[in-house]
Amino acid sequence: MVIIDRDDQFPDVAAVLVARALWRYRSELAPLYLVTALVVSGLVLHAARPHWWPYLLALATVAAWVLAMFGDRFGLTLRMERLYGAAVVVGVGGWLAAVTALGIAFSPLLQVLAVGGFVLAVPWWVHRRRRAKVRVDRQIAAWPEIAQSIGLAGSRAQSAVVDVWGWRARFALARGQTIQDVTTKVPAIESALGTFRGAVRVFPTRDDKANRFELRVLNTDPHADAIPWPGPSVSSITEPIDLGPFEDATSARVLLLRRHGLIGGVAGSGKSGGINVLMGNLSACRDVVVWAIDLKRGMELQPWASCIDRLATTPEQARAMLRDAVMILEARAAWLTANGRRVWDPAPELPALVIVVDEYAELADDAASDTDSIARRGRAVAVTLIAATQRPTQKAMGKGAVRSQMDVRVSFRVRERKDVDLILGQGMLNAGWHAHTLNAPGKFLLSAPEHDTPRRGRAYLLTDDAVSEAAQRHAALRPVLDEVSQRALDDAATPLVQPVSAASAPLRPSREDRAETVLREALDGAPDEGLPIAHLLMISEMSRPTLYRRLNELVKTGRAVQVGRGRYKASDHTP
């Protein structure tokens with residue numbers, strides 16, 4: 001018998017059509033196939049090995065226990081899935097053991113098979129992942145037609161896997177096709193597959209073959225909601241910092257030791273949130289001294305002041321800080337040379353120095369030479385520069401080599417396509433780094449030596465309460481500058497103007513004298529509850545160790561009192 005359904009010369013045989021239908025709907029018909037296999041197996045075992053029924057029952061029990069306890073290793077990630085798998089195995093094993101011992105005609109084994117098979121089939125039919133896999137199989141089967149329509153004729157699917165958020169598949173390309181050709185056709189792929197915009201990702205395969213690529217399709221956005229910060233991921237600058245999860249739930253970890261970093265994105269893209277994640281981790285490191293420049297008068301970084309050794313909020317303070325950083329850089333380099341060493345290995349007694357600059361474009365032009373020097377010479381001596389800005393143009397970054405020296409690039413959403421290359425580097429837009437398509441605050445692309453493919457991540461969210469709690473908890477962990485660096489700063493603390501002669505003019509106060517005066521005036525005018533360390537650091541411009549040393553001296557001499565944890569005021573009984 002044949003069925004004539006086309007104008008072809010040789011129509012398909014009916015058996016072929018039935019076989020194709022049975023294969024195409026194999027997922028929906030899987031319970032029926034299992035019941036058929038049980039009936040056939042029961043008949044054979046009862047006739048040939050009826051005494052095997054205890055072994056079958058024991059095997060089913062062990063298999064059910066393994067699925068229930070270790071089913072996640074077999075792809076059953078949810079507890080309900082593991083329990084369902086165990087129930088099916090117990091039911092199948094128990095029925096097969098009974099048929100083996102008693103025969104299929106024994107009542108009511110057939111009725112139990114029919115009712116039990118239907119009951120256990122219902123969860124299979126309605127399971128979301130199974131239905132998703134069926135849809136994926138059909139899309140993969142239709143790929144030759146899709147590839148023909150979008151200009152990738154000859155490419156073919158090799159494998160496909162359904163996961164929590166969607167599915168991913170591995171494809172082989174035809175001769176002459178490259179992954180760059182696929183990247184340019186992402187919008188066409190989205191249209192052909194019927195997904196929402198931005199749902200398709202293209203990556204190289206793990207073997208990095210030029211004629212392969214991995215296609216990832218999202219049914220739901222794993223980064224649709226903000227992800228609370230779980231706490232610091234490091235305790236040392238020598239460890240990679242976790243900025244947030246990628247779309248496949250792996251961590252966006254990046255090492256900052258001996259690397260400078262650039263963070264870019266338009267206002268409202270989540271750039272400040274990314275800086276908070278960075279500060280939350282740096283403040284937990286016992287081998288890092290953090291200096292910060294916040295030219296929004298401290299609006300962004302002031303909450304971290306208790307963990308910041310030195311905070312600059314004006315261009316003048318920023319210039320002085322960068323000059324001091326260059327002095328530290330040169331002093332460390334001289335010390336390394338004198339001791340026959342090539343690199344500065346961070347430790348609590350020899351901490352690294354990380355300078356975080358928010359709104360880098362607001363720095364004055366005369367600070368460019370210092371930032372350029374830090375960018376070029378700071379790696380070996382563990383002096384790191386992290387710059388955040390909206391558009392890192394050549395004008396904003398200065399005429400030096402600052403931007404070219406930054407190995408770590410984090411791009412939040414940008415407004416224009418050309419800004420992608422400004423932040424991530426020339427040619428990154430054409431290579432598939434589409435930061436202009438990021439559609440929520442906190443989403444970012446990370447480019448670093450260990451992250452050379454465009455993968456979307458979302459920075460953890462730190463609420464104001466989380467920032468305050470972390471800053472308070474980490475304040476006690478903060479190290480002080482090493483002796484080499486502190487000596488370099490002390491040697492540089494000279495009067496701003498030297499007198500021409502003894503009778504010409506009075507000396508202008510040194511920076512140290514001015515800081516002392518500001519500190520005494522602040523303590524004299526402090527309220528009853530005192531002033532916090534963070535406030536005293538900001539107004540006096542002292543380093544943290546210097547401020548603590550001076551406060552201890554004032555307390556011992558009775559000129560100041562400590563009225564709370566980290567809060568001071570002038571003594572009411574000053575001698």
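The largest nonpolar core in this predicted model holds 77 residues. Trp291, Ile293, Trp304, Ile355 and Leu446 touch the most other members of that core. Helix 11, spanning residues 315–338, gives the most to this core, with eight residues. A second, separate core has 22 residues. An open sheet of eight strands and 19 salt bridges complete the outline.

**Nonpolar cores**

- Trp304 is among the five residues that touch the most other members of the largest core.
- Not counting residues up to four places away in sequence, Trp304 touches Asn276, Met279, Gly280 and Ser283 as well as Leu462, Val467, Ala470 and Ala471.
- The second core is separate, and its 22 residues include Leu152, Ile179, Val202 and Phe213.

**The eight-stranded sheet**

- The strand order is 9-8-10-11-7-12-13-14, and the sheet is open with mixed pairing.
- Strand 9 (310–312) and strand 14 (456–458) are the edge strands. Each has a single partner strand, so one side of each lacks a neighbour in the sheet.
- On average, neighbouring strands of this sheet are turned by 20 degrees against each other, direction ignored.
- Strand 7 (residues 260–264) pairs with strand 11 (residues 383–389). The sense is parallel, and the pairing runs over four bridges.
- Gly264 has Thr389, in strand 11, as its bridge partner.
- Helix 12 (residues 368–377) lies across strand 7, strand 10 (352–358) and strand 11. Its direction is about 125 degrees to strand 11.

**A salt bridge between distant parts of the chain**

- Side chains of opposite charge can pair when their charged atoms come close.
- Asp221 and Lys443 form a salt bridge, with 2.6 Å between the closest N and O atoms.
- The two residues are 222 residues apart, so this pair links distant parts of the chain.
- Asp221 sits in the loop between strand 4 (212–218) and strand 5 (241–245), while Lys443 belongs to strand 13 (residues 443–447).
- Lys443 has a relative accessible area of 3% and is therefore buried. Asp221, at 25% relative accessibility, counts as partly exposed.

**Salt bridges within helices**

- In helix 12, Arg376 and Asp372 lie four residues apart, about one turn of the helix.
- Arg376 forms a salt bridge with Asp372, and their closest N and O atoms are 2.9 Å apart.
- Asp372 is buried because its relative accessible area is 13%, under the 20% limit. Arg376 counts as partly exposed, at 45% relative accessibility.
- Helix 19 (residues 544–556) holds Arg550 and Glu553. These two are three residues apart, so about one helical turn separates them.
- The side chains of Arg550 and Glu553 meet in a salt bridge, at 2.8 Å from N to O.
- Arg550 is partly exposed, with a relative accessible area of 22%. Glu553 also counts as partly exposed, at 37% relative accessibility.

**A salt-bridge network**

- Arg258, Arg341 and Asp345 are joined into one network by salt bridges that share partners.

Conventions
Residues numbered from 1 in each chain as written. Predicted model: local features only at pLDDT ≥ 70, side-chain atom pairs only at ≥ 80, totals over all residues. Heavy atoms only, no water. Core = buried A, V, L, I, M, F, W, Y, C linked by side-chain atoms within 4.5 Å. Buried < 20%, exposed > 50% of the residue type's maximum accessible area, 1.4 Å probe, protein only. Contact = heavy atoms within 4.5 Å. Pairing = 2+ DSSP bridges. Axes fitted to C-alpha atoms, helices over the stretch in contact; angles between N-to-C directions. Salt bridge = Lys/Arg side-chain N within 4 Å of Asp/Glu carboxyl O.
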